Amino acid sequence: MLSRKRVVVTGLGAVSAAGRGVGPFWRACVEGQSMLRPISRFDANEYGSPPAGEVPPGGNASENAVAEYTLDAVREAILQSGLSADMDTSSMGIVLGTCLGEAEAAFECLRANASETSRPAQRPVNRPLGFASPTERVAEAFGLSGPALTLSSACASGTSAMGVAADCIRRGEASTMLVCGVEMLSRFVVSGFWLLRALTSTVVRPFDRRRDGLALGEGAGVLVLEERDRALRRGATALAEVLGSASSGDAHHMTGPSPTGDGLVRAIEGALRDARDFPGKVDFISAHGTGTRYNDLMETIAIKRVFREDAHGIPVVSIKPVVGHTLGAAGALDAIVSVKVLREGVVPPTINYGEPDPECDLDYVPNCARSQPVRRVLSCSSAFAGNNSAVLMATP
Amino acid sequence: MSLIALDPPAAVVSCGLIATRASSTDAVTILDRSHSGSRRMDRYAALGCAAASAALENAGEVRLEQGDPDWGVVLGSSLGCWASNAEFLVDLDDRPTPELSPGLFVRTVANAVNGEICIAHGIGGINHTVVSGWAAGAEAVAEAAALLAEGRARWILTGGVESPDDSLRRVHAAVRLTEDLRWLPETLEEAAAICLVTTGNSLAPADRTRILAYRRGHDPQGRWLLSTALEPSVGTVVVTNSIPPELLRSWREQAGNRRFVYLPAESGELGAAGAPLVLATASRFKGGLSSADRILVIARGIEGGTAALLLDA
């Protein structure tokens, strides 16, 4: 068995529809303020002008949005972690989760070069564009020499990245890892979800009887993970400890979740097992909670199957009505919420909740935040192609 | 930092390989026509699914239950589903959205290949799709081997899949127009190499190739990885991806009197499938090329993402 080191979170960074920074993001979550608005970046009339969580303008105009969101959030997280500019980056790495990476930039290249089939490529591209581009940008900007991995597990990418990054530290591959989740709102994804009839025509209402679909969002979430002893030696504040993680496959359907919640049950149970010596009880669950009929029901079933009689006493929260479903960034933003819940002792609400669904009968913390001590949190994501991921954290 | 040793090592039980320079074969003919779901797959998913099926078939007697949590899928790809993304994008530009295919949109996620393999074989455990460029296949194999060593799965299908289409080859050609990237190969090849891997202590026959150690890192100058990974027992160094000529010269020199194999010269640029292909054929590398004990496989992406696998064939 490989050696196993303890892993703590020492920094957070966020870019979301609430603005730049963890501060505005967390405030919007706690105050239950939806940042979803009609899409302004492109004409979305043909999709029924759905609400979405667009990041407000204000970043570095020279960067494309994905790189800009990622680098902004990384800088904030590193600043909070107290890692200085002369930090030792030889043992520092990154795991970035994304659905599409710098797709928009790559699509521009496709438009310029792919359609003229009778001619050779005309427009040079100054660097490769793909899933891994934002990862490489961060690794280059900060001179990282540790693992530089990019994961793409659709909407579970951010949560999967969290687990894989923690594993890199536990195994001794690195002493510090950046966990990033990033996604950009585009016509590509809006049209796709519209075709699947997955977008809400009204408002996002996770776990509510009237829920009729999701609203998309964009942004980036970043967490700095460090080997615990090393972080404490340098005087860093440990915000949370990562206890365990797991992923799973539904083996059921490419878009629809397993109606029995089997896949998510396996991911949660895997994370609990990975935590070792864990008492089995959690005080808060950051749910995927997309607001679609099937996801929310599946999640409820899975949570009840794992936690049995305790399930009804666990606050289960979705922040999707606040910043939208940010796809590859969602798991990282959810993990940030989980860390903040541990630190602040405040559980944010699931907003837009009005009519209970008899089949979704857990404590979703409807509409108002709640103060309560929380020691152990679970963050879950589920995705197209049947991916599920779960991460377990606790007060350090 | 040197290589991360795997204790116990991971052992390759069986492999499924599909490497072809032909571009006319569609997904349905790659897979058997009776294969569940083959018609909904793009070529990327079909290649991966076919290679996974072949690996399982070659493994002989292995038991798999529906949703089996002891089985996992950890794959790497540089290009992933980009061909489907390009097709959807072109459709989006050319046609009214209501005329577009929702099925095509579903294929625009890189983990579609994992999903199809899980559905086809009932695999319910660990599930990752690594997309970190050309090093992704080696990174995925390393991840799978580490997960096995930690006891988080008993069997993992791991490897790499690449399926470039014409539009992506044209984008690649555009990248080659940049002066400092002219060393990139002219063409990208299509391939899938997936191995069934298990823990090496009890579940695999003793004569199988073993993954002893690994290292993953960002090494844009190519300075540290080879030097820190070269141990005396390494007899063969295999570089699985195209690298700049000056780096190739430097690595050849560092390899000393060891056998040095530059795979792109033999097989073309196989992207993330290159390192898994070497894993699958390691015993042949040893028998045909070197009498030394161990093979060091290095995969490197264009921008410096690098991974090394130490194999005992």
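Me: In what order do the three strands of the open sheet in chain A stand?
Reply: This is a predicted model. In chain A, three strands form an open sheet with mixed pairing. The edge strands are β3 (37–38) and β8 (216–217), each pairing on one side only. The order is β3-β4-β8.

Me: In which sense do β4 and β8 of chain A pair, parallel or antiparallel?
Reply: Strands of a sheet pair through backbone hydrogen bonds, and either sense can occur. Strand β4 of chain A covers residues 51–53. Two bridges join β4 to β8(A), and the sense is parallel.

Me: Which residue in β8(A) does A:Gly53 stand opposite?
Reply: Strand β4 of chain A runs over residues 51–53. Its partner here, β8 of chain A, spans 216–217. Opposite A:Gly53 in β8(A) stands A:Gly217.

Me: How much area do chain A and chain B bury between them?
Reply: The size of an interface is often given as the accessible area lost when the parts come together. Here 61% of that area lies on carbon and sulfur atoms. A:Phe131, A:Arg171 and A:Met254 supply 11% of what chain A buries against chain B, more than any other three residues. The two chains bury about 6,100 Å² between them.

Me: How many residues does each chain bring to the contact?
Reply: Both chains take part. Chain B gives 74 residues, and chain A gives 75 residues.

Me: How many salt bridges are there between chain A and chain B?
Reply: A salt bridge needs a Lys or Arg side-chain nitrogen within 4 Å of an Asp or Glu carboxyl oxygen. B:Arg152 and A:Asp274 meet that way, at 3.6 Å from N to O. Between chain A and chain B, the count is five salt bridges.

Me: Which element gives the largest share of the side of chain A that touches chain B?
Reply: Between the chains, 25 residue pairs are in polar contact. Elements giving two or more residues to this side of chain A include α3 (103–113), α5 (157–170) and α8 (262–274). The largest share is eight residues, and it comes from α6(A).

Me: How many residues on the side of chain A that touches chain B are charged?
Reply: Sort the residues of this side into three groups. Nonpolar residues number 37, and polar ones 23. The charged residues number 15.

Me: Is A:Ser153 buried or exposed?
Reply: A:Ser153 sits in the loop between β6 and α5 of chain A. Beyond its neighbours within four places in sequence, A:Ser153 is in contact with A:Ser160, A:Ala383, A:Asn387, B:Asn111 and B:Thr129. Its relative accessible area is 0%, so A:Ser153 is buried.

Notes: Residues numbered from 1 in each chain as written. Chains lettered and ligands numbered in written order. Predicted model: local features only at pLDDT ≥ 70, side-chain atom pairs only at ≥ 80, totals over all residues. Heavy atoms only, no water. Contact = heavy atoms within 4.5 Å. Buried area = accessible area lost by both parts, 1.4 Å probe. Polar contact = N/O pair within 3.5 Å; in protein donor to acceptor, adjacent residues only side chain to side chain. Helix = DSSP H or I, 4+ residues; strand = E, 2+ residues; numbered from the N terminus. Nonpolar A, V, L, I, M, F, W, Y, C, P; charged D, E, K, R; others polar. Buried < 20%, exposed > 50% of the residue type's maximum accessible area, 1.4 Å probe, protein only. Pairing = 2+ DSSP bridges.
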